[in-house]
Amino acid sequence: MIFRQLFDPQSSTYTYLVADDASREALLIDPVFEQARRDAALVEELGLKLKYTLETHVHADHVTAAWLLKEKLGSRIALSAASGAQGADRYLQPQEKVAFGKRHLEARPTAGHTAGCMSYVLDDRTMAFTGDALFIRGCGRTDFQGGDARTLYRSVREQIFALPDRCLIYPGHDYRGLTVTSVGEEKLYNPRLAESIGEADFVGYMTNLGLAHPKQMDVAIPANLKCGKPEKTTTLNPRIDPTWAPLTYTFAGIWEVQPHWLEEHLREVQIVDVREPEEFNGPLGHVPGARLIPLGMLTARAAELARTQPIVTVCRSGARSAQATILLGKAGFEQVANLSGGMLRWRTQRFAVDGGAE
Ligand SMILES: N[C@@H](CCC(=O)N[C@@H](CS)C(=O)NCC(=O)O)C(=O)O
Ligand SMILES: [Fe+2]
C-alpha cells in the first residue's frame, strides 16, 4: 500500500493519502483548500487515480479541498451522512466501506468533536484516521457544531480503543509537530481519555478548556457545509493559477512549462538562462533569445528584467532554474516558470539552439 502524511502549516491539519499499489486507486482524507495544488501534483506524480476525497468532519478551522480536487482530478466527495453537508457524491453510514483497489477503509462513527464525525479504519486494522476525535495525547474540543464531551468519551472507547493496541492512530491535527501514535499508547497515556480516566473527569476537563474559537470558523463552516465549493464557481484564480501558459505545478512547489510550448512562444516571454557563461556558450548552446544571468547574480540583477512580461528560467537540467523561479518570486515577479528538463530535454527534442555543438 502507498501511504503519505501531508501537513498544512497554517491550520496544523494532516491530510492522508492511501493508495493501492496494483490498481493505483487512491483516497485522500481531509485535504486542505490551500494545498489542493500540492495534493493534485502528488497524486499525478505517483501515477494514482484519486477515487474519493473523504472528510472526517465539517471542519471549523480550514476549508476542505474536496470540491477543488473533484474539479481538477475528477474525484468524488464522500463524508458522513450525519455531517449535514450538501453537495457530496456519497454520504457514508456507520460501518460503510470505501474501497480503493482491493483495499478499503471502514467508516466508524466517532461523534463528539462534532455531531457528524467519522474515523476511517484500514481493512487490516493497522491504521486508523481519527480526525479530531482522538489526537496524540489529546482530543478535539467539544464546544460547538453539536460537540459533546460525553459522546466523545463513548465514541473513543467504543470505536477507537476497541481496535488492536498496535493499531496506529493518525490524527486530524497536531499542534506540536507529533505525527503518529497507537491505540495502546493512548489508552495508557492520553491525559484526557486514558482508560483509567472516568467519564465525569473527562467532561469536567472539556468544559473548562477555555479555547478561543478558530480564527477561520465563520468562513470555514459554511464553506465546508458545501464541501468547499467556492461562492464564485471559477476554478482558475488568475492570482493563484497562472493563465499565461499551460503550466504544471510540481509537488516540489515549482511552476513548470514544457519545451514544446516555449518553442512556439519564444518571442512572448523573457528567457533567463541561469547557467555559468562557459555553459551558456558551451556545447549544449542556449535557447534562441535567452539572456544570461547566472543563478548567483539573479537576485542582484533582477531589476534588468521586465515585470510585465512572463519569464521562463532555463539551466542544464532544470534544477538550478527551479531555484531561480523561487528567487524571482521572492523578488516580486508573478509570472515565472521553469523550463521542464532544461537544455538537456530541449536538445533531446531537437529544438533550435544558438551556439552549441551539433
Ligand atoms: N487556533 C486554532 C484553533 C483550532 C481549533 O480550535 N482546533 C480544533 C480542531 S478543529 C480543536 O479541537 N483544537 C483542540 C485544541 O486546540 O486543543 C485556529 O484558530 O484555527
Ligand atoms: Fe475539527
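Here is a short conversation about a predicted model of one protein chain with its ligands.

Student: Let's start with the overall picture. How many helices and strands are in the chain?
Tutor: Happy to! The C-alpha trace spans about 80 × 45 × 40 Å along its principal axes, and 53% of the 358 residues count as buried. As for secondary structure, the chain has 11 helices and 18 strands.

Student: Which residues are the protein donors of the iron ion (ligand 2)?
Tutor: Look along the chain for the spacing H-x55-H-x18-D, which the donors follow. The protein donors lie 2.0 to 2.4 Å from the iron ion, two of them through NE2 and one through OD. They are His57, His113 and Asp132.

Student: Is the arrangement of donor atoms around that iron ion tetrahedral or irregular?
Tutor: For a tetrahedral label, all angles among four donors must lie between 85 and 135 degrees. The four donor atoms here subtend angles of 90 to 163 degrees. That spread makes the arrangement irregular.

Student: How many residues apart in sequence are the parts that His57 and His113 tie together?
Tutor: Find the two loops. His57 sits in the one between strand 4 (49-54) and helix 2 (66-73), while His113 sits in the one between strand 8 (103-109) and strand 9 (118-122). The pair therefore ties together parts whose separation in sequence is 56 residues.

Student: Are those two histidines buried or exposed?
Tutor: The cut-off for buried is under 20% relative accessible area, and for exposed it is over 50%. His57 and His113 both fall in the first class, so the word is buried.

Student: On to ligand 1. What share of its area does the protein bury?
Tutor: Start with the polar contacts: an oxygen atom of ligand 1 is 2.7 Å from an N or O atom in the side chain of Arg141, and a nitrogen atom is 2.8 Å from one in the side chain of Tyr175. An oxygen atom of ligand 1 is also 2.8 Å from a polar backbone atom of Lys215. Taken alone, ligand 1 exposes 490 Å², and the share that the protein buries is 79%.

Student: Which iron donors are also among the residues surrounding ligand 1?
Tutor: The surroundings of ligand 1 include Asp61, Phe135, Arg192 and Leu211. Set the surrounding residues beside the protein donors of the iron ion, and two names appear in both. They are His113 and Asp132.

Student: Which residues of strand 9 point the other way from Met118, Tyr120 and Leu122?
Tutor: In a regular strand the side chains alternate between the two faces of the sheet. Strand 9 is mostly covered, with five of its five residues buried. Pointing the other way from Met118, Tyr120 and Leu122 are Ser119 and Val121.

Student: In strand 10, which residue is the bridge partner of Tyr120?
Tutor: Strand 9 pairs with strand 8 in the antiparallel sense over five bridges, and Ser119 is the bridge partner of Arg108 there. Two bridges join strand 9 to strand 10 (residues 127-131), again antiparallel. In strand 10, the partner of Tyr120 is Phe129.

Student: And which are the edge strands of the six-strand sheet?
Tutor: The sheet is open and mixed, in the order 13-14-18-17-15-16. At one end, strand 13 joins strand 14 (residues 255-257) through two antiparallel bridges, and Tyr249 has Trp255 as its bridge partner. The edge strands, each pairing on one side only, are strand 13 (248-249) and strand 16 (291-292).

Terms used:
Residues are numbered from 1 along each chain as its sequence is written. Chains are lettered from A and ligands numbered from 1 in the order in which they are written. This is a predicted model: local features need pLDDT of at least 70, side-chain atom pairs count only at pLDDT 80 or more; totals for chains, interfaces and linings use all residues. Side-chain values use heavy atoms; hydrogens and water are left out. Two strands pair if DSSP finds at least two bridges between them. Helices (H or I, at least four residues) and strands (E, at least two) are DSSP runs, numbered from the N terminus. Donors are N, O and S atoms within 2.8 Å of the metal (3.2 Å for Na, K and Ca); water is not among the atoms, so sites may look incomplete. Four donors count as tetrahedral if all angles lie between 85 and 135 degrees; four count as square planar and six as octahedral if opposite donors are over 155 degrees apart and all others between 65 and 115; anything else is irregular. Buried means under 20% relative accessible area, exposed over 50%, partly exposed in between (1.4 Å probe, protein chains only). A residue is near a molecule or strand if one of its heavy atoms lies within 4 Å of it. A polar contact is a pair of N or O atoms within 3.5 Å; within protein, one must be able to donate a hydrogen and the other to accept it, and residues adjacent in sequence count only if both atoms are side-chain atoms. Accessible areas come from the Shrake-Rupley method with a 1.4 Å probe; for residues, only the protein chains shown count as cover.
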